[in-house]
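Open the model in your viewer and keep the sequence panel visible. This tour goes from one selection to the next.

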Amino acid sequence: MDHYETVLTQLYNEAHGSDEKLRQFKVVTGGDQLTRSRLNESKALRSLSPNYKKRFDDIDPIVIELWHVKQDLLEDEMYNYFNNLAQWFIHIEELNKTAKDGDITSIIPNLLMSLPLFYNHSTLSKYLVECINYVIQLEYLLSPLMKLRVLEGSFVNVEGGRSNNVESDLLQEHSVRKQKFLIKQLGVNKTQKAIERASAAAGAIAAINDNIAISLEITPKSSRHIKTLSPGEQQVMSDVLQDLKPFKFTPGRKYEGFEKLGENVFACIDGSKMKIDLDIIVNRLLSGHVDFGNDDIDSNSDSDSDDDDMPDL
């Protein structure tokens, strides 16, 4: 995080002539569950430092990113009846639509809807905690301006046009993958400078590779089906579903792996126990909230010159 602070200060000094706007408006930072946890723990370790840069005050708030929430939902085991499958599918599609449209008004409702899904999977689900933490920060701890900045920073549109948004962390994951590929090519004994140069060039090199692939008519690899099912395949699926009648209750019909699931996600949840568990999580998250207030930007007691004399913790 010291490197984050150094880079941010450098960027703001080059853009605005000083870091005054950085101190005034701060920078919203996000990542997956592990990243958010580590960054918050780093801030906690430096919370008593007398210098705002050492406290990382400029990096705030630190929130979970939405693509990682959706990814964790898809990684859960879903041995369920078709009712459960339909319920999960509708929720995932809602998350996809929210991302494509950049609909910031649906983010918090989607996360609240994700709570019982994560809770039903495990009362110790880490992304259950992350969803609660996200909602607490936006609804209770952040100012209206900062809340809007967090919501608007959740999606990005690099292609332009309507409904071409993606989650910001998904775009970052692709960027990191390109950077890692180049860094691996450097071999052993690579210097920090070489890593920085390779990371900076990753986007341009990837664009060159894409243009070469297009000119050679090489079909890019995709994680999604690019062709719809043929009429024959659709008919086979239709015949199987008509014989199976998955949404018709049939006494005595069982399927291995489905014994512990109810008719839907909510049927397996004890509401009173869930409330107790969520209250414990909320109290734990709020107990770590410390407000140091706003430093006086014009104060001479917290100047940049103090950094040279301040020993590292």
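Is Ile281 buried or exposed, and what is its relative accessibility? Select Ile281: at 7% relative accessibility, Ile281 counts as buried. Buried means under 20% relative accessible area, exposed means over 50%, and partly exposed is in between (1.4 Å probe, protein chains only).

Before going on, two notes on the source. This is a predicted model, where local features need pLDDT of at least 70, side-chain atom pairs count only at pLDDT 80 or more, and totals for chains, interfaces and linings use all residues. Residues are numbered from 1 along each chain as its sequence is written, and side-chain values use heavy atoms, with hydrogens and water left out.

**Stop one: helix α12**

Stay on Ile281, which is placed in helix α12. Helices here are DSSP runs (H or I, at least four residues), and strands are too (E, at least two), numbered from the N terminus. Now show the contacts of Ile281. Leaving out residues up to four places away in sequence, Ile281 touches Leu128, Val129 and Ile132. Contact means heavy atoms within 4.5 Å. Draw a distance from Ile281 to Ile132: their C-alpha atoms are 8.0 Å apart, with their positions 149 residues apart along the chain.

Next, select Lys273 and Asp277. Both belong to helix α12 (residues 271-287), and they sit 4 residues apart, about one turn of the helix. Their side chains form a salt bridge, 2.9 Å from N to O. The term needs a side-chain nitrogen of Lys or Arg within 4 Å of a carboxyl oxygen of Asp or Glu. Lys273 is partly exposed at 41% relative accessibility. Asp277, at 18%, counts as buried.

**Stop two: further salt bridges**

How many salt bridges does the structure hold? There are 8. Go to Asp101 and Lys97 for another of them; the closest N and O atoms are 2.9 Å apart. Both residues lie in helix α5 (residues 82-101), 4 residues apart, or about one turn of the helix. Asp101 has a relative accessible area of 34%, so it is partly exposed.

Then pick Lys147 and Glu139. Their side chains meet in a salt bridge of 2.8 Å, N to O. Lys147 is partly exposed at 25% relative accessible area. Glu139 is partly exposed too, at 38%.

**Stop three: Leu141**

Select Leu141 in helix α7 (residues 126-141). Leu141 counts as partly exposed, with 32% relative accessibility. Add Pro61 to the selection. The two residues are 80 apart along the chain, and 9.6 Å separates their C-alpha atoms.

**Stop four: His68**

Move to His68 in helix α4 (residues 66-75). With a relative accessible area of 7%, His68 is buried. Which residues are in contact with His68, leaving aside neighbours within four places in sequence? They are Asp32, Tyr127, Asp169 and Glu173. Zoom in on Asp169. Its side chain and that of His68 are joined by a polar contact of 2.7 Å. A polar contact is a pair of N or O atoms within 3.5 Å; within protein, one must be able to donate a hydrogen and the other to accept it, and residues adjacent in sequence count only if both atoms are side-chain atoms.

**Last stop: a charge over a ring**

Finish with Arg23 and Tyr52. The charged end of Arg23 sits over the ring of Tyr52, 3.7 Å from the ring centre. To qualify, NZ of Lys or CZ of Arg must be within 6 Å of the ring centre and within 35 degrees of the ring normal.
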